[in-house]
Amino acid sequence: MALDDPPWYPIPGGRHPSDMLRALRQHWPEYLMEAVLLGAFMFSACLVGALLEHPDSPVRQALPNGFVRRALAGLAMAATALCIFYSAWGKQSGAHINPCVTLTFLRLGRVNPSDATFYVLAQFAGGTLGVVLSAALLPASIAHPSINYAVTVPGPGGAAVAFAAEAFISFVMMTVVLNASSHPQLGSLTGLCAAALVFVFITFEAPLSGMSMNPARTFASALPAGEWTSIWVYFLGPAVGMLGAAQAWLIYGRRDHCAKLHHQNDRRCIFCLDRSAARTRPQTDLEATWTATTS
């Protein structure tokens with residue numbers, strides 16, 4: 001969906017405490033959705049890890065080849081991501097499920113600072129809750145050293161290689177998302193493109209860094225595991241990669257964009273609903289309904 005510059009902010013300014021409270025009152029459903037969606041992703045990651053890597057798992061015993069198991073894990077997590085992106089909640093929140101994705105759209109001027117703050121908080125909280133719930137369901141399996149709460153740590157190449165790998169895959173992911181989601185014909189396929197990259201990265205890149213691309217994802221596993229090895233890699237690497245993609249996007253003059261992976265739907269969009277613009281254009285039925293319920 002093409003948007004006019006300057007960016008449309010549903011909450012003017014977005015930095016004053018009153019703006020924060022207003023954003024929380026009006027947009028809390030999207031914040032909750034982001035928390036639940038990343039929680040679901042982490043829950044799936046832990047269960048898939050236990051199924052494929054726990055020594056007592058029949059799947060692990062039947063598949064001794066590590067590459068094959070990684071490919072299956074990639075397929076499982078790509079399918080999970082696909083379900084999240086195209087779910088009703090994913091269509092409404094935008095399915096960022098990653099603080100660096102949210103910060104990238106903030107850099108592009110497509111997310112209000114208040115919304116960005118609550119999105120990031122929700123992502124960290126939701127991801128951690130997903131890991132904790134999986135551990136409550138299968139405590140011995142998820143805590144086993146072979147799973148260790150699905151932590152991400154650098155591979156044999158060390159932290160420097162892991163950092164470079166995280167920055168690279170994050171740059172590729174965000175470049176693809178920005179180009180696909182802003183394309184008139186490819187916009188609805190953005191989630192499919194992103195899920196395909198999840199499969200490729202888990203299959204081929206995971207031995208280098210564990211394939212995080214997501215500070216909230218790494219934190220969610222590190223907290224219950226007490227494993228903070230090279231944690232800076234997973235905070236700085238994805239941020240450098242995705243913000244670098246945003247900068248390249250701006251340099252090449254590409255500015256029309258909505259902060260959703262899937263905008264071709266009738267779900268509410270908090271990123272395009274400009275209250276000042278509403279005075280000069282008619283509201284859609286969806287906007288009018290939401291305004292009535294939140295005012």
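A residue is called partly exposed when its relative accessible area lies between the limit for buried, under 20%, and the limit for exposed, over 50%. L75 has a relative accessible area of 48% and is therefore partly exposed. The model described here is predicted. This briefing covers a nonpolar patch on the surface, the largest nonpolar core, two residues with positive phi, I97 and M211, and the cysteines C46 and C100.

**Nonpolar surface patch**

- Six side chains, F67, V68, L72, L75, V200 and F204, make up a nonpolar patch on the surface. Together they present about 510 Å² of accessible area.
- Two helices, α3 (66–86) and α9 (190–204), each provide at least two residues of the patch.
- Helix α3 makes the largest contribution, with four residues.
- L75 belongs to helix α3 and is also a member of the patch.

**Largest nonpolar core**

- The largest nonpolar core comprises 61 residues. Within this core, F85, M173 and F271 have the most contacts.
- At least two core residues come from each of the helices α1 (17–53), α3, α5, α6 (113–137), α8 (159–181), α9, α11 and α12 (231–251).
- The largest share of the core, 12 residues, is supplied by α1.
- Helices α3 and α9 thus appear in two settings: each supplies at least two residues to the surface patch, and each supplies at least two to the core.
- When residues up to four places away in sequence are left aside, M173 touches A194, L197, V198, F201 and M213.

**Residues with positive phi**

- I97 is not a glycine, yet its phi is positive, near 40°. This residue sits in the loop between α4 (88–93) and α5 (99–107).
- The relative accessibility of I97 is 8%; the limit for buried is under 20%, so I97 counts as buried.
- M211, likewise not a glycine, has a positive phi of about 55°. Its position is in the loop between α10 (206–209) and α11 (215–225).
- M211 is buried because its relative accessibility is 8%.

**Cysteines**

- A search of the whole structure identifies zero disulfides.
- C46 has 0% relative accessibility and therefore counts as buried.
- C100 is likewise buried, since its relative accessible area is 3%.

Technical notes: Residues numbered from 1 in each chain as written. Predicted model: local features only at pLDDT ≥ 70, side-chain atom pairs only at ≥ 80, totals over all residues. Heavy atoms only, no water. Patch = residues over 30% accessible without salt bridge, like charges linked within 9 Å, V, L, I, M, F, W, Y side chains within 5 Å. Areas by Shrake-Rupley, 256 points an atom, 1.4 Å probe, with all protein chains shown as cover. Salt bridge = Lys/Arg side-chain N within 4 Å of Asp/Glu carboxyl O. Buried < 20%, exposed > 50% of the residue type's maximum accessible area, 1.4 Å probe, protein only. Disulfide = S-S within 2.5 Å. Core = buried A, V, L, I, M, F, W, Y, C linked by side-chain atoms within 4.5 Å. Contact = heavy atoms within 4.5 Å.
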